[in-house]
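Dear colleague,

I am passing the structure below on to you, together with notes on what was found in it. Please keep it open beside this message as you read.

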Amino acid sequence: MARGERRRRGAPADGARTAEGAGRGRPARRDSRVGVARGKVGGTVLAIVVLLVVLSLSGSRLLAWHRARQAVTLHSAPLALPPDSSSPAVAPDLFWGTYRPHVYFGMKTRSPQPLLTGLMWAQQGATSGTPKLRHTCEQGDGVGPYGWEFHDGLSFGRQHIQDGAIRLTTEFVKKPGGQHGGDWSWRVTVEPQASGTSALPLVSLFFYVVTDGKEVLVPEVGAKGQLKFISGHTSELGDFRFTLMPPTSPGDTAPKYGSYNVFWSSNPGLPLLTEMVKSRLNSWFQHRSPGASSERYLGLPGFLKWEDRGPSGQGQEQGQFLIQQVTVKVPFSMELVFESGSAWAGRNQARGQLAGSLLTQALETHTEAFRERFEKTFQLQKKGLSPEEQALGQAALSGLLGGIGYFYGQGLVLPDMNTEGSEQKVAPALFPPVPLFTAVPSRSFFPRGFLWDEGFHQLVVQRWDSRLTHEALGHWLGLLNADGWIGREQVLGDEARARVPPEFLVQQAAHANPPTLLLPVAHMLEGGDPADLAFLRRAFPRLRAWFSWLCQSQSGPVPLSYRWRGRDPALPTLLNPKTLPSGLDDYPRASHPSATERHLDLWCWVALGARVLVRLAEQLGEAEAAAELGSLASSLGAEKILDELHWAPELGVFADFGNHTKAVQLKPRPPQGLLRVVGRPHPRLQYVDALGYVSLFPLLLRLLDPHSSRLGPLLDALADSRHLWSPFGLRSLAASSSFYGQRNSEHDPPYWRGAVWLNVNYLALGALHHYGHLEGPHQARAAKLHSELRANVVGNVLEQYQATGFLWEQYSDRDGRGMGCRPFQGWTSLVLLAMAEDY
């Protein structure tokens, strides 16, 4: 009935009742009072309802405010590292380092306002117009191969870089002393790529120093644009001096003629250094080597002049940028010497600078020490590996250590407003400024910290120098927010931000990542080193908070199930919505994302985490934590639970569960392009038929009893060439899958849909080695598969390294060729541990 009709029919009845009451006298007045009372009650009820609505809205806003604040508030637990752990007073030997992995060669201090140094170079006359200026590692700039031959992660390194007709060798040595991190020296050698070349190129090297604040640089200029030295002072470094030695012939002290140019200005911002130098290479000069004809080259200004000073004379407050260009005929060597004032004051002056023959001697000593330590640590020669395999192992380790960076800045965080599946109307907020000391996956493509990569990185680093692992894990745990969340991708500082697409800058506080930092923690527990245990005692409160957040925030639809938050929505352009938080990106999951999903790999990560942390709690004597974690570990350790949640009888393997159909494909729909078409059968709740890495996780993380009835079927799937086995390693997705090798969208090629990945193959090798040494019905088979898989993986990585000079992000399961970005000396460096059979 319409509201108007109700009013019309109600009016006469009310009037009749009133008239009747009036005829009876007092009863009418009583009815009147009752009406008034009813009106008051109605008004009170309405007021209460309004109040409840207001309180509800206020409560919602208060909760939203609280969630937003928690997301960008640092956790209150004590830090695993002292607040000044990166200072020269606490860690002088780590204060300076090659902590700029995105540049071909450079060093900086571990400081929020660092002093930075770097190298650029250009081949003059190699191309028409402006020569190509090399500075930052780029995927497609034509440079390469390049990488560290030796790097000890601390005080020494040697790198080779091929660039067309020339080959550069960059070396550095640090020398302890004083109170500010000591001294260091560089040597850069430029030689022709081919021996016997008659037309030797003219090459310009650009050595620069950058400050990031009010630090002082005072250049002392000599004749013809040559800097005699650069003096300076900062609060952290005290007094210091840079000296660029004159060029010489490689391997001796015979001088080489060099032409000098110099440029000095305010710091334009670190991401703009290359462009600033390019813009100033606008004048032609003559290189007149004695006894040779002159050659033209493009150079910076020929004399020292301060540029870009602000109108108030405050230009230096934003920092300074000072660069010396030296142009020399190939071949030649140059050395840059940094001397700390406090180290110089206490030095025996008769020893002189770390240059020339002294530098050569120091480099030779460090090289021999590296080789001896490498063999003692990994024993590749003792295990019978070839010299080529040993060289690969040294390059894998050195590339990983040489890719360690120090970052400082603020990330962007989107708070978790518990609005999954609906639009979240809140803007990203800035996380507090934080430091991060971490290895990086790739200097050219991913020169920043990735959470799930770092656990694999530290498996290698921890074998070499556990102190570096303490530093890295301590810094990562320092990123914990008040809820216990750590962002999976860390974009800190201007240089890192400049290399990241805008859509990847914001980290969502509802999204997790595999807790791989627990892998090196588990290895420390097995080793029992007192220094490791002391670090883990300090780190435990944060490790526990992080794991607690993971369990709570990623809980699944039924008890003891887990689900990755943050899957892509089911867009019409996507074959299968990606699950970036899992680390496996486009690995096929349920075709229609929903809250009903149960993710097998996440369940396994939680089960492993509970096992590791309960062991740690027991070893530390944390009884309450051990009891709490032990209960979870016991529940997840029951194979019956794993079977109930993830064993798919119709598939014969473990699997994800969700709203799924296999009847999806991309079809051309002009003019939109490729669009997803869903056929029949329609999606329903079922196990997801996507045999691959996810199916193997109970095996990979060694969660199964060696007598388990499920171990045999997993070994069958792993060893079958129709499914996961290839001559180059285990495929990420079975060749029999309908998703194998399929694009996820018109512009998104396959990623985890068949290619061979070293991190998961390393887990598989470790698992096969594990079960191959435990008594059970599958012991012999596991041992045999380990031997064959190790030969396949190591053999292919070596072959591709020898052919290309690079370690790669992934490898083709069809022909073994390296794919993705390169160099990828992050988790592909695990090939070293595979060679050493160290799991």
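Of the contacts in the protein with a separation of 6 or more, what percentage is accounted for by residues 24 or more positions apart? The figure is 70%, where contact means heavy atoms within 4.5 Å.

Before going further, please note that this is a predicted model, in which local features need pLDDT of at least 70 and side-chain atom pairs count only at pLDDT 80 or more, while totals for chains, interfaces and linings use all residues. Residues are numbered from 1 along each chain as its sequence is written, and side-chain values use heavy atoms, with hydrogens and water left out.

As to the whole protein, the C-alpha atoms fill a box of roughly 130 × 75 × 65 Å along the principal axes, and 55% of the 839 residues count as buried (under 20% relative accessible area, with a 1.4 Å probe and protein chains only). The accessible surface, computed by the Shrake-Rupley method with a 1.4 Å probe, comes to about 34900 Å², and 54% of this belongs to carbon and sulfur atoms. The protein has 20 helices and 34 strands, which are DSSP runs (H or I of at least four residues for helices, E of at least two for strands) numbered from the N terminus.

Among these elements, 8 strands form an open sheet with antiparallel pairing, in the order E4-E5-E6-E7-E17-E11-E10-E9; two strands pair if DSSP finds at least two bridges between them. Its edge strands, each pairing on one side only, are E4 (146-151) and E9 (216-221), and neighbouring strands are turned by 15° against each other on average, direction ignored. Angles here run from 0 to 180 degrees between N-to-C directions, with axes fitted to C-alpha atoms, for helices over the stretch in contact. Helix H6 (residues 357-378) lies across E4, E5, E6, E7 and E17, and runs at about 85° to E6.

At the E9 edge, E9 and E10 (residues 227-234) pair in the antiparallel sense over 6 bridges, and Pro219 has Ile230 in E10 as its bridge partner. The loop between E9 and E10 holds Gly222, which counts as partly exposed because its relative accessibility is 25%, between the limits of 20% and 50%. Leaving aside neighbours within four places in sequence, Gly222 is in contact with Leu227 and Lys228, and its C-alpha atom is separated by 9.6 Å from that of Phe303, 81 residues apart along the chain.

With best regards
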